[in-house]
Amino acid sequence: MVLPISREIADRILERSSYDVDPPLLELIHPIKPEEVNVYPAPSWLMRSWKADILGATYGRRIYVRPSLFDGDSDGLARLVIHELVHVRQYDEMGFFSFLSRYFRDYLRGRFSGMNHREAYRAISVEVEARDITSVVIA
Ligand SMILES: [Zn+2]
C-alpha cells in the first residue's frame, strides 16, 4: 500500500523564512518557478539510501527532505530548498541522464584523485554551483 504523503510548495517555504530571496533567486533558477515545485517529506524507504549527512535530494521536479526539517527552523529548511531548487534547474537543463552521469563522473573523478567521500561529494560541479548560488542568495 502506498501512503499518501503531504507536500508543500517551495514558494511557501521560502516566504516563511527571513530571507528576501525573490530577485536574485528567480533569475538564477530561471525558468524554474518555486510555486511550481513540490517539497515532500522523504519516505523512510527513500532515506535508507541516503547517507546520514544528506538532508534532501531532488528527483526531477520533486524535492524530498528529511521529515524532521519541517518541524525545525524555517530558515534552515529554506536554505535547503534554495539549494535543491538549483538542482531542479540543473536537472531541467541537462535532462535525467546527463545530470546523473555528470554527478557520478565528478564524484568518481574526485575519489580516484584521492579525495575522501565528503571531499569528492563537495567537489561535484553541480553541488559547487548549488552551494555558490545559495550563498549568493542568502548572503
Ligand atoms: Zn546538492
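Hi everyone, let me start in the middle of the protein. The largest nonpolar core has 23 residues, and the ones touching the most other members are A10, I63, V81 and L85. Four elements each give at least two residues to this core: α1 (10-16), β4 (62-65), α4 and α7 (125-137). The largest share comes from α4, with nine residues. Before I go on, please keep in mind that this is a predicted model.

Let's stay with L85 for a moment. Which residues is L85 in contact with, once we leave aside its neighbours within four places in sequence? The list is A10, I29, I32, P34 and V37. You'll recognise A10 there, since A10 and L85 were both among the core residues that touch the most other members.

Now for helix α4 itself. It covers residues 74-94, and we can do a quick sanity check on its geometry. At 1.5 Å a residue, those 21 residues should span 30 Å, because the expected span is 1.5 Å times one less than the number of residues. The end C-alpha atoms of α4 are 30 Å apart, which agrees. Just after the helix comes G95, with a positive phi of about 85 degrees.

What does α4 lie across? The answer is three strands, β2 (38-41), β3 and β4, and the helix runs at about 25 degrees to β3.

That brings us to the sheet. It is an open sheet of four strands in the order β1-β2-β4-β3, and the pairing is mixed. At the edges sit β1 (8-9) and β3 (56-59), each pairing on one side only. If you follow β3 inwards, its pairing with β4 is antiparallel, over four bridges. One place to look on your screens is A57, which stands opposite Y64 in β4.

Let me zoom out to the whole chain. It has seven helices and four strands, and from the N terminus the elements run β-α-α-β-α-β-β-α-α-α-α. For those of you who like contact statistics, take the contacts between residues at least 6 apart in sequence: 67% of them join residues at least 24 apart. As for burial, 22% of the 139 residues count as buried.

Finally, overall dimensions. The C-alpha trace spans about 40 × 40 × 25 Å along its principal axes. How does the radius of gyration look against a compact globule? With 139 residues, such a globule would have a value near 14 Å, and the chain has 15 Å, which agrees.

That's my tour, thanks for listening!

Definitions and conventions
Residues numbered from 1 in each chain as written. Predicted model: local features only at pLDDT ≥ 70, side-chain atom pairs only at ≥ 80, totals over all residues. Core = buried A, V, L, I, M, F, W, Y, C linked by C-beta atoms within 7 Å. Buried ≥ 20, exposed ≤ 12 C-beta atoms within 10 Å, placed from the backbone. Contact = placed C-beta atoms within 7 Å. Pairing = 2+ DSSP bridges. Axes fitted to C-alpha atoms, helices over the stretch in contact; angles between N-to-C directions. Rg over C-alpha atoms; globule rule 2.2 N^0.38 Å.
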